[in-house]
Amino acid sequence: MNRITFPASLRYVGSNAYVDTTNIVEVCISDLDSWCRIHFASCEANPLYFGATLFLNGDEVSGTVIIPDDVERISPSLFEGCSKVSEIVSGKGVKYICNRAFCGCAALSKISLSLGLKEIQCEAFCDCLSLRHLEIPVS
């Protein structure tokens with residue numbers, strides 16, 4: 001298996017779900033908003049942590065990513081390694097950014113976070129080598 005498709009209905013993936021499955025190279029989704037609503041219990045629950053690339057309707061996820069307003073938690077490794085994402089705009093409801101959420105987003109240059117943000121966990125933005133602008137409103 002080298003490709004996995006996540007249905008828009010999926011809401012939870014348990015810890016270590018993809019340990020020892022480093023052969024997955026593509027994660028395919030049809031709805032970016034639904035992807036943002038998945039709760040990955042750990043980094044190891046997300047195949048992107050192991051180097052897979054995220055594709056939306058057949059194209060690698062790129063450009064500006066807007067997190068929906070009803071998302072409270074950006075899950076671990078949610079956009080890890082999405083090297084063509086250049087900007088993140090956080091929805092109004094985001095309170096938590098989990099481990100490695102945007103790690104390795106090499107083209108990411110701008111992040112606009114929402115009022116009400118409570119926690120940014122370890123390595124949330126590690127290896128974001130192009131990051132020049134991080135906006136965190138005063139709560």
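The paragraphs below lead through a predicted model, from its strands to its cysteines, two unusual backbone angles and a cavity.

A good place to begin is the open sheet of 4 strands, whose order is E1-E3-E5-E6 and whose pairing is mixed. Its edges are formed by strand E1 (3-5) and strand E6 (59-60), each of which pairs on one side only. Strand E5, covering residues 53-56, is joined to E6 by 2 bridges, and these two strands run antiparallel. Within that pairing, Leu 56 has Asp 59 in E6 as its bridge partner. In general, the strands of a sheet pair through backbone hydrogen bonds, in either a parallel or an antiparallel sense.

Further along the chain, the parallel sense appears. Strand E7 (residues 62-66) pairs with strand E9 (residues 84-89) in this way over 5 bridges, and Val 65 has Ile 88 of E9 as its bridge partner. Strand E9 is in turn joined to E11 by 3 bridges, again with the two strands running parallel. Ile 88 takes part here as well, with Ile 111 in E11 as its bridge partner, so that one can follow the bridges from Val 65 to Ile 88 and from Ile 88 to Ile 111.

The cysteines deserve a careful look, and the count of disulfides comes to 1. This disulfide is formed by Cys 103 and Cys 126, whose sulfur atoms are 2.4 Å apart. The pair links distant parts of the chain, since Cys 103 lies in the loop between E10 and E11, Cys 126 lies in the loop between E12 and E13, and the two are 23 residues apart. The torsion about their S-S bond is about -80°, and the disulfide is therefore left-handed. Both Cys 103 and Cys 126 are buried.

Why does Cys 82 form no bond with Cys 105? The sulfur of Cys 105 is the closest cysteine sulfur to that of Cys 82, but the distance is 5.3 Å, which is too far for a bond, because a disulfide requires sulfur atoms within 2.5 Å. Cys 82 counts as buried, with a relative accessibility of 3%. Cys 105 is likewise in no disulfide, and the nearest cysteine sulfur to its own, that of Cys 128, is 5.1 Å away. With a relative accessible area of 1%, Cys 105 is buried.

The loops that hold the disulfide cysteines also contain residues with a notable backbone angle. Arg 100 lies in the loop between strand E10 (96-97) and strand E11 (110-112), and its phi is near 60°, a positive value in a residue other than glycine. Asp 127, placed in the loop between strand E12 (119-120) and strand E13 (133-135), also has a phi near 60°, positive although the residue is not glycine. Is each of these residues buried or exposed? Arg 100 counts as buried because its relative accessibility is 19%, where the limit is under 20%, whereas Asp 127 is exposed, with a relative accessible area of 52%.

Finally, the structure holds 1 cavity of 30 Å³ or more, and about 50 Å³ of space lies in the largest cavity. The residues that line this cavity include Phe 6, Pro 7, Ala 8 and Leu 10, together with Ile 29, Trp 35 and Ile 38. Among the other lining residues are Arg 11, Asp 31, Ser 30 and Ser 34. Taken by class, the lining has 7 nonpolar, 2 polar and 2 charged residues.

Note on methods:
Residues numbered from 1 in each chain as written. Predicted model: local features only at pLDDT ≥ 70, side-chain atom pairs only at ≥ 80, totals over all residues. Heavy atoms only, no water. Buried < 20%, exposed > 50% of the residue type's maximum accessible area, 1.4 Å probe, protein only. Pairing = 2+ DSSP bridges. 1 Å grid on protein atoms, 1.4 Å probe; cavity = no way out; pocket = protein on both sides within 12 Å on 5 of 7 lines; lining within 4 Å. Points joined across faces, edges and corners; volume = space filled by probe spheres on them. Nonpolar A, V, L, I, M, F, W, Y, C, P; charged D, E, K, R; others polar.
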